[in-house]
Amino acid sequence: GKSTILAIKAVHHAYTHPDSLTLCVSPSARQSAIFLRKCRTFLRRLGLKTPTDGDNRISALLPNGARIVGIPGREDTTRGFSAVSLLLVDEASRVSEEIFTAVMPMLAAAPGASFWLLSTPSGCDNYFFNIWTNLETYPEWTRIHVDAPACPRISAVFLAEQRRTMA
């Protein structure tokens with residue numbers, strides 16, 4: 001559901017902000033492509049035909065000039081974007097700190113830009129965990145937590161089985 005939420009947010013932002021750039025960083029090219037496929041599904045529901053932006057293979061160009069671009073979390077492919085008005089990071093706990101260092105300057109030239117991190121946990125030695133747990137250093141971040149039992153797509157039987165096998 002996290003990638004779907006990011007796709008909905010990306011489409012809404014691009015649709016309502018002409019000439020904007022929405023960037024979604026994912027840990028891999030495959031995950032970036034999945035994100036963009038979800039975006040295209042929602043864009044089709046809006047009746048929009050969205051070719052690539054001509055520069056990026058994993059992208060969509062909306063009729064209002066807004067772009068949605070998915071990029072894999074590799075430092076060598078992350079640079080070169082500026083004035084990003086919405087920066088999304090899918091599975092943020094699995095994206096390296098070097099990638100965060102590379103993407104943060106992209107928000108500088110877009111006043112009011114938003115930065116969203118969505119993730120499942122993955123240990124306690126990553127950028128996402130640091131932001132999530134360090135309330136004093138990052139008080140401006142809004143944190144939303146959803147436990148697996150609250151997700152209607154995950155059955156209680158499955159969760160009980162996972163608890164038994166992981167114990």
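A salt bridge here is a side-chain nitrogen of Lys or Arg within 4 Å of a carboxyl oxygen of Asp or Glu. With that in hand, take a look at Lys2, Glu91 and Arg94, which are linked in a network of such bridges.

First, some ground rules. This is a predicted model, where local features need pLDDT of at least 70 and side-chain atom pairs count only at pLDDT 80 or more, while totals for chains, interfaces and linings use all residues. Residues are numbered from 1 along each chain as its sequence is written, and side-chain values use heavy atoms, leaving out hydrogens and water.

**The overall fold**

The protein chain has six helices and five strands (DSSP runs, H or I of at least four residues for helices and E of at least two for strands, numbered from the N terminus). Going along the sequence, the pattern reads α-β-α-β-β-α-β-α-β-α-α. The radius of gyration, taken over C-alpha atoms, is 17 Å, which agrees with the value near 15 Å for a compact globule of 167 residues (the globule rule is 2.2 Å times the number of residues to the power 0.38). The C-alpha trace spans about 50 × 35 × 30 Å along its principal axes. Of the 167 residues, 40% count as buried, meaning under 20% relative accessible area; exposed is over 50%, and partly exposed is in between (1.4 Å probe, protein chains only). Take contacts (heavy atoms within 4.5 Å) between residues at least 6 apart in sequence: 65% of them join residues at least 24 apart.

**The salt bridges**

A search of the whole structure turns up three salt bridges. Here they are:

| Pair | Closest N to O |
|---|---|
| Glutamate 91 and lysine 2 | 3.5 Å |
| Aspartate 53 and arginine 67 | 2.9 Å |
| Glutamate 91 and arginine 94 | 3.3 Å |

Where do glutamate 91 and lysine 2 sit in the chain? Glutamate 91 is in the loop between S4 and H4, lysine 2 is in helix H1, and they are 89 residues apart. Glutamate 91 counts as buried at 12% relative accessibility, whereas lysine 2 is partly exposed at 26%. Arginine 94 is partly exposed too, at 42%. Glutamate 91 also has a phi near 50°, a positive value in a residue other than glycine.

Now for the pair of aspartate 53 and arginine 67, whose side chains meet in a salt bridge. This pair links distant parts of the chain, with aspartate 53 in the loop between helix H2 (29-45) and strand S2 (59-61) and arginine 67 in strand S3 (residues 67-72), 14 residues apart. Aspartate 53 is buried at 12%, and arginine 67 is partly exposed at 22%.

**Aspartate 90, an acid without a bridge**

Aspartate 90 lies in strand S4. What is the nearest side chain of opposite charge to this buried residue? That would be lysine 2, 6.1 Å away, and aspartate 90 has no salt bridge (Lys and Arg count as positive, Asp and Glu as negative; His and the chain ends are not counted). The side chain of aspartate 90 does make a 3.4 Å polar contact with the side chain of glutamine 31. A polar contact is a pair of N or O atoms within 3.5 Å; within protein, one must be able to donate a hydrogen and the other to accept it, and residues adjacent in sequence count only if both atoms are side-chain atoms. Not counting residues up to four places away in sequence, aspartate 90 touches several others, including Lys2, Leu6, Cys24 and Val95.

**One more positive phi**

Aspartate 19 has a phi near 60°, again positive in a residue other than glycine. Aspartate 19 belongs to the loop between helix H1 (2-16) and strand S1 (21-26), and is exposed at 63% relative accessible area.
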